[in-house]
Amino acid sequence: MIKPMINCREATQLTLQAEDRTLPLAERLAVRLHHQLCGNCRRFARQVELMRKASARWRQYSEE
């Protein structure tokens, strides 16, 4: 079980793990709460999302 208040390192790890697996509700809520309080981790999550989308587009172009 994850504690309700996580630090930046834990939030970063969970953000990256969310790319590979569905996080349980407790972890999703802990990350969401942390992102409400931490702009740096919120920005990191947006960057991870941007990289995921860019990789998907690159794969699409390389298949053509």
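1. A salt bridge here is a side-chain nitrogen of Lys or Arg within 4 Å of a carboxyl oxygen of Asp or Glu. The side chains of Arg52 and Glu49 satisfy that rule, with N to O at 2.6 Å. The model is predicted, and the values below should be read with that in mind.

2. Arg52 and Glu49 both belong to helix H3 and sit three residues apart, so about one helical turn separates them. With a relative accessible area of 38%, Arg52 is partly exposed. Glu49 is also classed as partly exposed, at 28% relative accessibility.

3. Glu49 has a second partner: its side chain meets that of Lys53 in a salt bridge, 3.8 Å from N to O. This pair too lies in helix H3, with four residues, or about one turn of the helix, between the two positions. Lys53 is partly exposed, its relative accessibility being 44%. The 3.8 Å distance falls within the 4 Å cut-off, and the contact is counted on that basis.

4. Which residue does Arg52 meet in a salt bridge at 3.9 Å? The partner is Glu19, again taken from N to O between side chains. Glu19 lies in the loop between H1 and H2, while Arg52 is in helix H3 (residues 39-63), so this pair ties together parts that are 33 residues apart in sequence. At 36% relative accessibility, Glu19 counts as partly exposed.

5. Taken together, these contacts link Glu19, Glu49, Arg52 and Lys53 in a network of salt bridges. The count for the model by this rule is four salt bridges. Within the network, Arg52 meets both Glu19 and Glu49, and Glu49 in turn meets Lys53.

6. The largest pocket holds about 190 Å³ of space. Its lining consists of Leu14, Thr15, Ala18, Leu23, Arg28, Val31, Arg32, His35 and Ala45. By character, the lining residues divide into five nonpolar, two polar and two charged.

7. Which helix gives the most to the lining of the largest pocket? That is H2, with four residues. Helix H1 (8-17) and H2 each supply at least two residues of this lining.

8. On the surface, Met5, Leu33 and Leu37 form a nonpolar patch, and their accessible area together is about 300 Å². Leu33 is found in helix H2, which spans residues 25-37. Is Leu33 buried, partly exposed or exposed? Its relative accessible area is 37%, so it counts as partly exposed. That value is over the 30% needed for membership of a patch.

9. One further pair gives a sense of the spacing in the model. Glu10 and Gln60 are 50 residues apart in sequence, and their C-alpha atoms are 32 Å apart in space. Glu10 lies in helix H1 and is partly exposed, with a relative accessible area of 23%.

Terms used: Residues are numbered from 1 along each chain as its sequence is written. This is a predicted model: local features need pLDDT of at least 70, side-chain atom pairs count only at pLDDT 80 or more; totals for chains, interfaces and linings use all residues. Side-chain values use heavy atoms; hydrogens and water are left out. Patches are made of residues with over 30% relative accessible area and no salt bridge: like charges are joined within 9 Å, nonpolar side chains (Val, Leu, Ile, Met, Phe, Trp, Tyr) within 5 Å. Accessible areas come from the Shrake-Rupley method with a 1.4 Å probe; for residues, only the protein chains shown count as cover. Buried means under 20% relative accessible area, exposed over 50%, partly exposed in between (1.4 Å probe, protein chains only). On a 1 Å grid over the protein atoms alone, a cavity is a set of points where a 1.4 Å probe fits but cannot get out, and a pocket is an open set with protein on both sides within 12 Å along at least five of seven lines; lining residues have an atom within 4 Å of a point. Grid points are joined across faces, edges and corners, and a volume is the space filled by probe spheres set on the points. Ala, Val, Leu, Ile, Met, Phe, Trp, Tyr, Cys and Pro count as nonpolar, Asp, Glu, Lys and Arg as charged, and the others, Gly among them, as polar.
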